[in-house]
Amino acid sequence: MATRKNSTDDPLAPITLAVGQEDLLLDRAVREVVTAARAADADTDVRDLASEQLQPGTLAELTSPSLFSERKVLVVRNAQDLSADTVKEVKAYLVAPFEEIALVLLHAGGVKGKGLLDAARKAGAREIACPKMTKPADRMAFVRGEFRTLGRSATPEACQTLVDAIGSDLRELASAAAQLCADVEGTIDEAVVGRYYTGRAEASSFTVADRAVEGRAAEALEALRWSLSTGVAPVLITSALAQAVRAIGKLASAPRGARPGDLARDLGMPPWKIDRVRQQMRGWSADGVSDALRAVAAADAGVKGGGDDPEYALEKAVVAVARAARPQRG
């Protein structure tokens with residue numbers, strides 16, 4: 001079999017290195033290679049192996065020349081767990097990979113198995129980052145990317161609402177984005193996402209908080225009752241209320257005239273949220289923020305066992321926050 005150099009943008013590069021611990025991204029990296037290989041040759045032989053299945057001698061057997069010169073994709077999962085003897089064989093193969101074989105190494109990153117990671121990079125492997133997305137901003141970027149990939153436009157607020165509604169599971173986020181794109185025409189906005197995913201815990205709690213800090217008491221109470229009826233934990237609602245009020249307090253104390261980007265960095269908020277909080281803080285005062293935080297703290301104590309009726313404690317807090325937001329309305 002002939003050998004060739006790697007191309008960083010070619011799914012059929014002899015070596016693809018997918019680094020990280022996010023299962024969805026790792027699976028997509030594999031699927032991209034397999035799809036490209038089967039587009040080139042429908043009879044491509046795909047072998048998907050766990051690290052323990054790649055024993056000394058296995059790689060040589062799988063990469064041995066074929067009478068029919070068939071194309072192959074060899075996937076090795078958890079490559080950081082390969083035995084020392086197998087790592088030696090893989091490193092030797094990386095020096096002169098075969099033209100008709102696409103070797104896909106899935107590596108968790110980190111210190112374990114770093115020698116193999118370094119060897120693959122030195123050999124010019126096509127590398128795909130598959131990091132675990134633990135930060136809200138990363139999940140937001142992921143959702144925006146999903147909509148772009150699907151050729152659709154979604155507002156920042158819609159993306160945030162979807163993240164709030166679905167949570168941290170990238171598979172669910174990707175599925176939800178695809179479903180919205182299939183069902184909805186035009187720009188996907190916050191209202192559309194809300195219609196589809198009302199009742200999810202995080203979305204419901206943040207809806208309650210948003211309506212409360214905007215001074216819309218009736219709507220906040222309606223959202224509260226819906227949230228509780230769909231099983232949202234009361235502690236999630238007090239947490240969302242506290243976050244919303246604190247955001248207003250932070251922005252109110254920030255220097256006037258500062259740019260959204262600078263404020264986002266200094267206050268730890270995404271730029272789109274700066275704009276939203278600016279709209280929500282109209283009518284708020286320093287005393288109002290203090291009053292609201294005290295009301296939320298009391299409700300938090302109530303829902304954590306300090307009171308007899310968590311639902312009543314939440315209703316009191318929602319009304320208090322809404323009044324603090326619009327003191328002129330009584």
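The paragraphs below go through this predicted model from the whole chain down to single helices and residues.

The chain has 330 residues, and 45% of them are buried. Its secondary structure amounts to 15 helices and five strands. Among contacts with a separation of 6 or more, 75% join residues that are 24 or more positions apart. The accessible surface comes to about 16,600 Å², with 50% of that area belonging to carbon and sulfur atoms.

The interior can be taken next. In soluble globular proteins, nonpolar side chains tend to be buried together. Here the largest nonpolar core holds 40 residues, and the members that touch the most others are F142, F147, L162, L180 and I188. At least two residues of this core come from each of α1 (23-40), β3, β4 (101-107), β5 (126-130), α5 (136-149), α6 (156-166), α7 (170-183) and α8 (190-197). Helix α1 gives the largest share, eight residues. Apart from this core lies another one of 35 residues, including L251, L267, I274 and W284.

I188 shows what such a core position looks like in detail. Setting aside residues up to four places away in sequence, I188 touches F147, R152, S153, A154, T155, A158, L180, C181 and V193. Two of these partners, F147 and L180, are themselves listed among the core members that touch the most others.

C181, another partner of I188, leads to the cysteines. How many disulfides does the structure hold? There are zero. A disulfide would need two cysteine sulfur atoms within 2.5 Å. For C181, the closest cysteine sulfur is that of C159, at 9.8 Å, which is too far for a bond. C181 is buried, at 14% relative accessible area. C130 is buried as well, with a relative accessible area of 0%.

Two helices show how burial is distributed around an axis. An α-helix has 3.6 residues a turn, so residues three or four places apart point the same way. In helix α4 (residues 114-122), the buried residues are L116, L117, A119 and A120. Viewed down the axis of α4, these residues fall within an arc of 165 degrees, so they line one face of the helix. The cover over the buried residues of α4 includes β1 (15-20), α3 and β4. Directly after α4 comes G124, with a positive phi of about 85 degrees.

Helix α10 can be read in the same manner. This helix runs over residues 217-229, 13 residues in total, and spans 18 Å from its first C-alpha to its last, close to the 18 Å expected at 1.5 Å a residue. Which residues of α10 are buried? They are A220, L221, A223, L224 and S227. Because their arc around the axis covers only 160 degrees, these residues sit on the same side of α10. A218, E222 and S229 are exposed on the other side. α10 is followed by G231, whose phi is positive, near 95 degrees.

Within α10, A223 can be followed further. Its relative accessible area is 14%, so A223 counts as buried. Leaving out neighbours within four places in sequence, A223 is in contact with T207 and V208. S205 lies 18 residues away from A223 in sequence, and the two C-alpha atoms are 8.2 Å apart.

A similar account can be given for A244, which belongs to helix α11 (residues 234-252). A244 is buried, at 11% relative accessibility. Neighbours within four places aside, A244 is in contact with A209 and V213. Between A244 and V321 there are 77 places in sequence, while their C-alpha atoms are 10.0 Å apart in space.

One loop residue remains. N78 lies in the loop between β3 (72-76) and α3 (84-95). What is the phi of N78? The value is near 50 degrees, which is positive although the residue is not a glycine. N78 counts as partly exposed, at 41% relative accessibility. The two elements beside this loop have already appeared: β3 supplies at least two residues of the largest core, and α3 is included in the cover over the buried residues of α4.

Note on methods:
Residues are numbered from 1 along each chain as its sequence is written. This is a predicted model: local features need pLDDT of at least 70, side-chain atom pairs count only at pLDDT 80 or more; totals for chains, interfaces and linings use all residues. Side-chain values use heavy atoms; hydrogens and water are left out. Helices (H or I, at least four residues) and strands (E, at least two) are DSSP runs, numbered from the N terminus. The expected span of a helix is 1.5 Å times one less than its number of residues. Buried means under 20% relative accessible area, exposed over 50%, partly exposed in between (1.4 Å probe, protein chains only). The arc is that of the directions from the helix axis to the C-beta atoms. A nonpolar core is a set of buried Ala, Val, Leu, Ile, Met, Phe, Trp, Tyr and Cys residues joined through side-chain atoms within 4.5 Å. Contact means heavy atoms within 4.5 Å. Accessible areas come from the Shrake-Rupley method with a 1.4 Å probe; for residues, only the protein chains shown count as cover.
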